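Dear colleague,

Please find the structure below, handed over for your study. My notes on what was found in it follow directly after.

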Amino acid sequence: MSNDLDNDLRAALRPVDPGERFTQSVLARVATESTRSARAPKLHTTTLRWTSVALAISLVMGIVVAHQWQVRRTQRGLEARQQLIQALQLTGEKLDLAYRVVNDEQPTQSAAEPGA
Amino acid sequence: MSEEASCQSEEWLTRALAGDAAAFGMLVRTHQRSVFSLALRMVSDRQKAEDLAQEVFLQLHRNLAAIESGAHLAFWLRKVTLNRSIDRLRREPKLEAMPLDAADGVVSEAEDADPLLARRLSTLVAQLPAAPRAVLLLRYQEDLDPTEIARTLGMSVNTVKSHLKRSLSLLRERFADTARSST
């Protein structure tokens with residue numbers, strides 16, 4: 001071993017060339033990666049576009065269904081109200097009739113009482 | 001890295017950023033010796049070093065826009081290579097305990113160097129722990145000064161100097177031991 005360890009280390013640790021095959025492998029991998037990444041955004045854009053369309057359709061359908069449900073609910077409420085009014089009218093009419101019958105009978109009874 | 005080489009690298013960088021594959025190829029050719037040798041001497045396995053070095057260049061291709069100059073490129077490549085190598089050694093600790101025979105291919109092919117001496121030194125360097133080994137490689141393979149080494153490895157200059165001092169004395173001791181045992 002020479003006295004100058006620095007020089008010996010420099011000589012021993014000189015860079016080693018991996019050769020042209022290495023360069024070609026790197027360039028091939030870069031090309032593959034570039035092709036893949038060029039395809040990926042297209043796929044990504046298409047997926048994104050279809051997802052947006054699906055979301056928009058779902059949103060519109062949701063709004064329509066909610067609106068229809070609300071309309072049907074209001075309609076049912078109105079029908080129930082109508083039926084209640086009708087029932088109340090009928091009850092009122094029947095009560096009126098009963099009241100009249102009771103009132104008509106009372107004078108006859110009071111007229112019969114003194115002669116008894 | 002010389003000023004001329006740095007200018008050339010900057011031109012290739014600009015062209016590579018514009019999508020010129022040939023220019024990127026020139027960048028790879030210019031720096032592959034340094035990147036591959038650092039990886040090889042860190043992980044001590046030719047196949048793993050090739051994979052690691054290729055991943056470094058792929059990462060470079062993805063981050064070309066972040067490289068500001070030829071000098072920055074060389075700095076970035078060394079830093080990424082050593083960080084990846086140290087990560088790999090943490091994940092696969094058995095790589096760090098490299099057997100002596102595995103040093104084949106790690107030795108430089110320099111004609112003026114004594115092959116036996118170079119082989120012994122390379123093997124001893126490969127047996128150092130990851131951090132001092134990285135310091136030693138940047139000093140003697142990449143010819144960086146302690147300040148540049150500190151910047152690349154994110155260490156203080158004093159830590160770099162202390163690693164260098166301890167590693168050199170350890171190498172002297174171990175070299176003396178191997179020389180004694182072989183006689």
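Glu142(B) lies in the loop that connects helix 6 (130-140) and helix 7 of chain B. Please bear in mind that this is a predicted model. Is Glu142(B) buried or exposed? Its relative accessibility is 13%, and since buried means under 20%, Glu142(B) counts as buried. Leaving aside residues up to four places away in sequence, Glu142(B) touches Ser34(B), Leu38(B), Arg78(B) and Leu137(B). The side chain of Glu142(B) also makes a polar contact of 2.6 Å with the side chain of Gln141(B).

One of the residues touched by Glu142(B), Arg78(B), is also its partner in a salt bridge, with 2.9 Å from N to O. This pair links distant parts of the chain: Glu142(B) sits in the loop between helix 6 and helix 7, while Arg78(B) belongs to helix 4 (residues 70-91) of chain B, and their positions lie 64 residues apart in the numbering. Arg78(B) counts as buried too, because its relative accessibility is 14%.

A second pair in chain B offers a contrast in sequence spacing. The side chains of Glu11(B) and Arg15(B) form a salt bridge at 3.5 Å, N to O. Why are these two separated by about one helical turn? The reason is that Glu11(B) and Arg15(B) are four residues apart in helix 1 of chain B. Glu11(B) is partly exposed, with a relative accessible area of 43%, and Arg15(B) is partly exposed at 35%. Arg15(B) meets Asp20(B) in a further salt bridge, at 3.1 Å from N to O. Asp20(B), at 26% relative accessibility, is likewise partly exposed.

Let us turn to the place where the two chains meet. Tyr140(B) is part of helix 6 of chain B and is buried, with a relative accessible area of 4%. Which residues does Tyr140(B) touch, not counting those up to four places away in sequence? They are Asp6(A), Leu9(A), Arg10(A) and Leu13(A) in chain A, together with Leu164(B) and Leu168(B) in chain B. With Asp6(A), the side chain of Tyr140(B) makes a polar contact of 2.7 Å, side chain to side chain.

The contact as a whole involves 27 residues from chain A and 44 residues from chain B. Between them the two chains bury about 3300 Å², of which 62% is on carbon and sulfur atoms. Leu13(A), Val16(A) and Phe22(A) supply 21% of the area that chain A buries against chain B, more than any other three residues.

Charged and polar pairs are also present there. Four salt bridges cross the interface, out of 12 over all chains of the structure. Arg29(B) and Glu20(A) meet through their side chains in a salt bridge of 2.8 Å, N to O. The number of residue pairs in polar contact between the chains, both at pLDDT 80 or more, is 14. On the side of chain A that touches chain B, two or more residues come from each of helix 1 (5-12) and helix 2 (20-112) of chain A. Helix 2 of chain A gives the most, with 12 residues. By class, that side has 13 nonpolar, five polar and nine charged residues.

Finally, a word on confidence. The predictor gives the complex an ipTM of 0.83 and a pTM of 0.69. Chain B averages a pLDDT of 87, and 84% of its residues score at least 70.

With kind regards

Technical notes. Residues numbered from 1 in each chain as written. Chains lettered and ligands numbered in written order. Heavy atoms only, no water. Contact = heavy atoms within 4.5 Å. Buried area = accessible area lost by both parts, 1.4 Å probe. Polar contact = N/O pair within 3.5 Å; in protein donor to acceptor, adjacent residues only side chain to side chain. Nonpolar A, V, L, I, M, F, W, Y, C, P; charged D, E, K, R; others polar. pLDDT = per-residue confidence, 0-100. Buried < 20%, exposed > 50% of the residue type's maximum accessible area, 1.4 Å probe, protein only.
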